[in-house]
Amino acid sequence: MTSSHDRSDNSPSARRRTRRGVAALAAAGLLLTGAACSDDEGDEAVPDAEATAGDDDAGSGDEANDGETFSGTLAAPEEADGAFAYAEGAPDGAELSVTIAGEDDGTTFELDVTGLEPDRGYAVHAHVDPCGPTGDDAGPHYQDEVDPAATPDEPSVDPAYANPENEVWLDVMTDAEGSGTATAEVPFTFDEGGAPASIIVHEAMETATEEGEAGTAGDRLACLDTPLG
């Protein structure tokens with residue numbers, strides 16, 4: 001005799017219970033599959049969003065804050081590439097570098113020189129035109145507010161205009177190795193096409209400030225192009 005525990009229940013109600021159980025298992029499987037797909041898609045989407053944010057951060061204003069640097073090695077005009085040596089006192093092979101950083105309320109200039117004559121001063125200014133075969137090619141000093149009395153033949157010598165607040169003066173003193181640094185902070189910025197185009201190293205050890213001679217500094221020994229415009 002077979003016990004009731006050994007017999008399979010094939011009644012209609014048992015078959016309905018079995019079909020309902022299978023359907024429930026299938027539905028649960030679909031839900032798990034959908035959740036897994038959703039997680040996979042989310043995992044793929046997150047790196048894309050982070051990469052985009054990273055790209056935007058990489059293009060932020062770090063370059064603007066650091067400024068632009070112009071540098072060159074002095075050479076005779078016929079061989080020069082943006083850095084011109086015109087006279088004794090600015091030896092061929094000396095190096096000039098200027099970093100110009102603009103902010104909302106002003107501009108900072110940082111000058112570095114190496115290989116100039118040791119233990120002496122040089123008057124240095126920003127000029128309106130690029131360097132050329134002669135020092136005169138750089139034109140007059142850059143002025144934020146231009147002296148109305150100045151002419152190409154008679155540059156500004158009025159201390160109301162020829163001063164380190166209205167021009168860019170970077171007078172520098174070299175050490176025993178001929179190296180030196182100077183910084184100028186001016187209370188103005190530059191519009192496109194209205195920036196200084198060069199830096200001139202003068203013979204005088206410092207820039208004159210007195211009435212009728214303000215801004216003068218002797219012969220032009222060297223020039224470095226600073227093409228900001």
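1. Helices (DSSP runs of H or I, at least four residues) and strands (DSSP runs of E, at least two) are numbered from the N terminus, and by this reading the protein has two helices and ten strands. Along the sequence both helices come before the strands, in the pattern α-α-β-β-β-β-β-β-β-β-β-β.

2. This is a predicted model, in which local features need pLDDT of at least 70 and side-chain atom pairs count only at pLDDT 80 or more, while totals for chains, interfaces and linings use all residues. Residues are numbered from 1 along each chain as its sequence is written, and side-chain values use heavy atoms, with hydrogens and water left out.

3. Of the 229 residues, 34% count as buried, that is, under 20% relative accessible area with a 1.4 Å probe and protein chains only.

4. The largest nonpolar core (buried Ala, Val, Leu, Ile, Met, Phe, Trp, Tyr and Cys residues joined through side-chain atoms within 4.5 Å) has 29 residues, and L74, F109, L111, V124, V168 and L170 are those with the most contacts inside it. Among the elements that give two or more residues to this core are strand 3 (95–103), strand 4 (106–114) and strand 6 (124–127). A second, separate core of seven residues includes A75, A80, C131 and A138.

5. Taking contact as heavy atoms within 4.5 Å, and leaving aside neighbours within four places in sequence, V124 touches residues including L111, V168, L170 and I200. Across the protein, residues 24 or more positions apart account for 66% of the contacts with a separation of 6 or more.

Notes:
Buried means under 20% relative accessible area, exposed over 50%, partly exposed in between (1.4 Å probe, protein chains only).
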